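Me: I am new to this structure and would like to learn how its labels are earned. Could you show it to me, and then we can go through them together?

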Amino acid sequence: MAIERNKRRHGEALLPIRVAIEWVRDTAFDLWNLLHPEKGEHTKSTHGWNKPQIGWYKCNVDGAFSESDRTGATEVVLRDHDDQFMAGRAAWQGEAHDALMMEARACRDGLQMAQQLGVTKLCLETDCLELINLWNNLNTQRSAVSLILWDIFSISRNFDELALSLLLDHVIG
């Protein structure tokens with residue numbers, strides 16, 4: 001809102017009241033959902049890296065964000081149940097909104113890579129608690145990463161089994 005105050009001082013157009021109210025409502029809704037996560041079967045938490053079950057693959061993902069130039073990157077590593085490296089990918093993101101957006105993009109990148117390799121049982125592991133909480137409230141949350149989360153949901157339907165887990169040793173958010 002300080003940005004809006006500065007715009008008023010410099011004679012720029014004001015933010016319409018309706019837009020400001022929607023922003024406040026959406027922000028309050030997101031904060032409430034983050035503080036009151038539903039208990040669900042969609043996720044689990046692990047300490048350190050654990051091998052997936054036989055027949056499963058584990059995809060560790062991470063996102064990076066540079067606030068100074070609003071850029072980011074995603075990285076994905078896929079391993080089988082014997083801890084053998086199967087594939088990896090790092091992607092530069094020329095435009096980035098925030099760290100949460102990069103974490104969400106990394107999850108989507110991981111699912112896409114696993115799907116391209118024919119994986120049918122996948123454990124997708126992230127260190128972003130906020131993303132896990134938003135995923136657990138997919139039908140009710142209204143965050144800036146909603147579209148990416150719905151992309152993830154759409155891609156996830158191509159897997160026989162999918163588990164989203166939180167890597168507790170490196171939790172952010």
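Me: What makes Cys59 count as buried?

Reply: Cys59 has a relative accessible area of 0%. Buried means under 20%, exposed means over 50%, and partly exposed lies in between, with a 1.4 Å probe and protein chains only. Since 0% is under 20%, Cys59 is buried. Please keep in mind that this is a predicted model, where local features need pLDDT of at least 70, side-chain atom pairs count only at pLDDT 80 or more, and totals for chains, interfaces and linings use all residues. Residues are numbered from 1 along each chain as its sequence is written, and side-chain values use heavy atoms, with hydrogens and water left out.

Me: Why is Cys59 not bonded to Cys107?

Reply: A disulfide is a pair of cysteine sulfur atoms within 2.5 Å. The closest cysteine sulfur to that of Cys59 belongs to Cys107, and at 8.3 Å it is too far for a bond. Cys107 is in no disulfide either, as the nearest cysteine sulfur, in Cys128, is 7.9 Å away. By this rule the count is 0 disulfides. Like Cys59, Cys107 is buried, with a relative accessibility of 2%.

Me: How do you know how many helices and strands there are in the chain?

Reply: They are DSSP runs, numbered from the N terminus: helices are H or I with at least four residues, and strands are E with at least two. Counted this way, the chain has 5 helices and 6 strands. Along the sequence their order is α-α-β-β-β-β-α-β-α-α-β.

Me: What makes strand S5 mostly covered?

Reply: S5 spans residues 121–126, and 5 of its 6 residues are buried. For the chain, buried residues make up 39% of the 173 residues.

Me: Which strands pair with S5, and how do you know?

Reply: Two strands pair if DSSP finds at least two bridges between them. Strand S2 (residues 57–66) runs parallel to S5 with 4 bridges, and strand S6 (residues 161–167) pairs with S5 in the parallel sense over 6 bridges. Both pairs therefore meet the rule of at least two. Asn60 has Glu125 in S5 as its bridge partner, while Cys123 has Ala163 in S6.

Me: Why is the contact between Lys58 and Glu125 called a salt bridge?

Reply: The term needs a side-chain nitrogen of Lys or Arg within 4 Å of a carboxyl oxygen of Asp or Glu. In Lys58 and Glu125 the closest N and O atoms are 3.3 Å apart, so the pair qualifies. The two residues sit 67 residues apart, Lys58 in S2 and Glu125 in S5. Both are buried. A search of the whole structure finds 4 salt bridges.

Me: How do you know that Arg108 and Asp151 also form one?

Reply: Their side chains come to 2.9 Å, N to O, and that is within 4 Å, so the label fits. Arg108 lies in helix H3 (residues 99–116) and Asp151 in helix H5 (residues 146–156), so the pair ties together parts 43 residues apart in sequence. Arg108 is buried at 19%, whereas Asp151 is partly exposed at 34%. The buried residues of H5, which include Ile148 and Leu149, pack against H3, helix H4 (129–136) and S6.

Me: What makes Asp83 and Arg79 partly exposed?

Reply: Asp83 has a relative accessible area of 33% and Arg79 has 27%. Both values lie between 20% and 50%, so each residue is partly exposed. These two also form a salt bridge, with the closest N and O atoms 3.8 Å apart. Asp83 takes a positive phi near 70 degrees in the hairpin of S3 and S4, which has 4 residues between the strands. Strand S3 (residues 71–80) and strand S4 (residues 85–93) pair in the antiparallel sense over 8 bridges, with Arg79 opposite Phe85.

Me: Why is the meeting of Thr71 and Asp69 called a polar contact?

Reply: A polar contact is a pair of N or O atoms within 3.5 Å; within protein, one must be able to donate a hydrogen and the other to accept it, and residues adjacent in sequence count only if both atoms are side-chain atoms. The side chains of Thr71 and Asp69 make such a contact at 2.8 Å, a value within 3.5 Å. Thr71 belongs to S3 and is buried at 9%. Leaving aside residues up to four places away in sequence, Thr71 touches several others, including Phe65 and Trp92, where contact means heavy atoms within 4.5 Å.
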